[in-house]
Protein chains: 2
Amino acid sequence: MPYTRDQLVEQLRRHDINPTHQRIEIAFALYSRGEHLSADQVLAIVNDRHSETSKATVYNTLNLFLEKKLIREVIVDPNKVFYDPNTEPHHHFYNVDTGELADIDAAGVEVHGLPPLPDGMVTEGVDIIVRVRSR
Amino acid sequence: MPYTRDQLVEQLRRHDINPTHQRIEIAFALYSRGEHLSADQVLAIVNDRHSETSKATVYNTLNLFLEKKLIREVIVDPNKVFYDPNTEPHHHFYNVDTGELADIDAAGVEVHGLPPLPDGMVTEGVDIIVRVRSR
DNA sequence: GTCACGATTAGACTCAGTCCAGATCATGGT
DNA sequence: ACCATGATCTGGACTGAGTCTAATCGTGAC
């Protein structure tokens with residue numbers, strides 16, 4: 001996923017986000033790799049060369065991106081949240097041993113036999129996590 | 001689920017767990033309610049009347065129970081892990097607003113179209129989380 | 001009794017994530 | 001250019017879940 005910074009600025013604007021330096025860099029970290037990253041990892045990547053962005057800003061920005069549906073959060077590891085630049089409907093393989101995450105395209109995946117929702121409830125989303133082990 | 005302490009002692013023994021006072025109380029907290037509890041909640045319940053059990057023991061014991069497959073862990077809330085006395089295959093409704101968790105019996109639920117596992121991988125389990133909102 | 005060993009404990013510690021109050025930046029008006 | 005304003009960013013203190021450690025306790029074997 002080769003994103004230019006200009007494209008990311010557009011993307012941010014489209015989601016009603018004021019494209020500041022820090023926000024662009026954080027978006028770049030996530031989108032250019034297309035990987036699942038923890039807040040820690042984002043912080044490390046963004047500050048790789050010279051320290052540019054504070055911890056607080058990384059968290060603020062990730063939560064802003066979440067709110068504006070620019071990224072998704074993936075909760076599989078009891079220790080940390082992962083942030084996912086892929087907002088298309090999809091599911092995940094999770095390697096319990098290594099902590100690795102891999103996408104599963106939701107197209108073609110079907111779930112049958114779920115009971116009806118409790119009264120007055122609305123589905124927000126269905127997440128499928130396939131936990132796998134090496135060996 | 002009305003479990004007597006004697007039944008729980010049996011249950012613990014069957015899973016190769018030395019049934020100490022604390023372990024029985026923790027098992028009782030989980031099994032007698034049949035609810036999803038966080039470590040915090042377990043600690044509070046067990047120490048409701050007189051302080052009987054330390055934080056360290058609660059965590060040690062919950063992890064021991066996990067290892068011995070007496071309980072399962074449910075990871076849906078970014079803040080805390082929930083422990084589930086139900087070890088039968090099942091899935092979950094998760095109310096994003098209230099944090100409430102409800103079981104979905106896995107019997108009858110089918111998933112189709114998952115891609116084959118990466119080479120040399122073994123499925124550990126498939127978790128489905130239906131995120132719902134009130135209203 | 002005492003020795004050994006597993007279980008429990010208080011409290012210090014770690015680490016992800018939040019909060020806060022001050023500094024900095026961008027923008028628009030004059 | 002200058003200032004005012006609001007939005008953003010920042011370091012550092014803080015919180016809360018979970019872990020670690022070293023000391024103590026309980027129980028059974030001898």
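**View 1. Residue classes and elements on the surface near DNA strand C.** In this predicted model, the surface near DNA strand C is made up, by class, of five nonpolar, nine polar and five charged residues. Of the 19 residues around DNA strand C, those that come nearest are Lys55(A), Thr20(B), Gln22(B), Glu52(B) and Thr57(B). On the side of the nucleic acid, 76% of the atoms of DNA strand C within 4 Å of the protein belong to sugar or phosphate, and the rest belong to bases.

**View 2. Phosphate contacts of DNA strand C.** Both protein chains appear in this view, with Tyr59(A) placing an N or O atom of its side chain 3.0 Å from a phosphate oxygen of DNA strand C, and with Val81(A) placing a backbone N or O atom 3.3 Å from a phosphate oxygen of that strand. From chain B, a backbone N or O atom of Glu52(B) lies 2.6 Å from a phosphate oxygen of DNA strand C. The elements that give two or more residues to the surface near DNA strand C are helix H3 (39–46) and H4 of chain A, together with helix H2 (21–33) and H4 of chain B. Among these elements, H4(A) gives the most to the surface near DNA strand C, with four residues.

**View 3. The protein surface around DNA strand D.** Here 18 residues surround DNA strand D, and Thr20(A), Gln22(A), Glu52(A), Thr57(A) and Lys55(B) are those that come nearest. Of the atoms of DNA strand D that come within 4 Å of the protein, sugar and phosphate account for 75%. Sorted by class, the residues of the surface near DNA strand D comprise five nonpolar, eight polar and five charged.

**View 4. Side-chain contacts with phosphate oxygens of DNA strand D.** The side chain of Thr20(A) has an N or O atom 2.5 Å from a phosphate oxygen of DNA strand D, while for the side chain of Arg23(A) the corresponding distance to a phosphate oxygen of this strand is 3.2 Å. From chain B, the side chain of Asp40(B) has an N or O atom 2.9 Å from a phosphate oxygen of DNA strand D. Two or more residues each are given to the surface near DNA strand D by helix H2 (21–33) and helix H4 (55–67) of chain A and by helix H3 (39–46) and helix H4 (55–67) of chain B. It is H4(B) that gives the most to the surface near DNA strand D, with four residues.

**View 5. The interface of chain A and chain B.** In this view 35 residues of chain A are in contact with 35 residues of chain B, and the two chains bury about 3100 Å² between them, of which 62% is on carbon and sulfur atoms. Four salt bridges are counted between chain A and chain B, and a salt bridge is formed by Arg131(B) with Asp127(A), whose closest N and O atoms are 2.8 Å apart. Across the interface of chain A and chain B there are also 14 residue pairs in polar contact, with both residues at pLDDT 80 or more. On the side of chain A that touches chain B, strand S4 (90–95), strand S6 (110–112) and strand S7 (121–134) each supply at least two residues, and S7(A) gives the most, with 14 residues. By class, this side of chain A has 20 nonpolar, eight polar and seven charged residues.

**View 6. Strand pairing between the two chains.** S6(A) is joined by three bridges to strand S6 (residues 110–112) of chain B, and the two strands run antiparallel. Within this pairing, Val111(A) stands opposite Val111(B) in S6(B).

**View 7. A salt bridge within chain A and the elements of the chain.** Over all chains the structure holds seven salt bridges, including one in which the side chains of Glu25(A) and Arg5(A) meet, at 2.9 Å from N to O. Because Glu25(A) lies in helix H2 of chain A and Arg5(A) in helix H1 (residues 5–14) of chain A, the pair ties together parts that are 20 residues apart in sequence. Chain A contains four helices and seven strands, which run from the N terminus in the order α-α-β-α-α-β-β-β-β-β-β, and the C-alpha trace of chain A spans about 50 × 40 × 25 Å along its principal axes.

Terms used. Residues are numbered from 1 along each chain as its sequence is written. Chains are lettered from A and ligands numbered from 1 in the order in which they are written. This is a predicted model: local features need pLDDT of at least 70, side-chain atom pairs count only at pLDDT 80 or more; totals for chains, interfaces and linings use all residues. Side-chain values use heavy atoms; hydrogens and water are left out. A residue is near a molecule or strand if one of its heavy atoms lies within 4 Å of it. A polar contact is a pair of N or O atoms within 3.5 Å; within protein, one must be able to donate a hydrogen and the other to accept it, and residues adjacent in sequence count only if both atoms are side-chain atoms. Ala, Val, Leu, Ile, Met, Phe, Trp, Tyr, Cys and Pro count as nonpolar, Asp, Glu, Lys and Arg as charged, and the others, Gly among them, as polar. Contact means heavy atoms within 4.5 Å. Buried area is the accessible area (1.4 Å probe) that two parts lose on being put together, summed over both. Two strands pair if DSSP finds at least two bridges between them.
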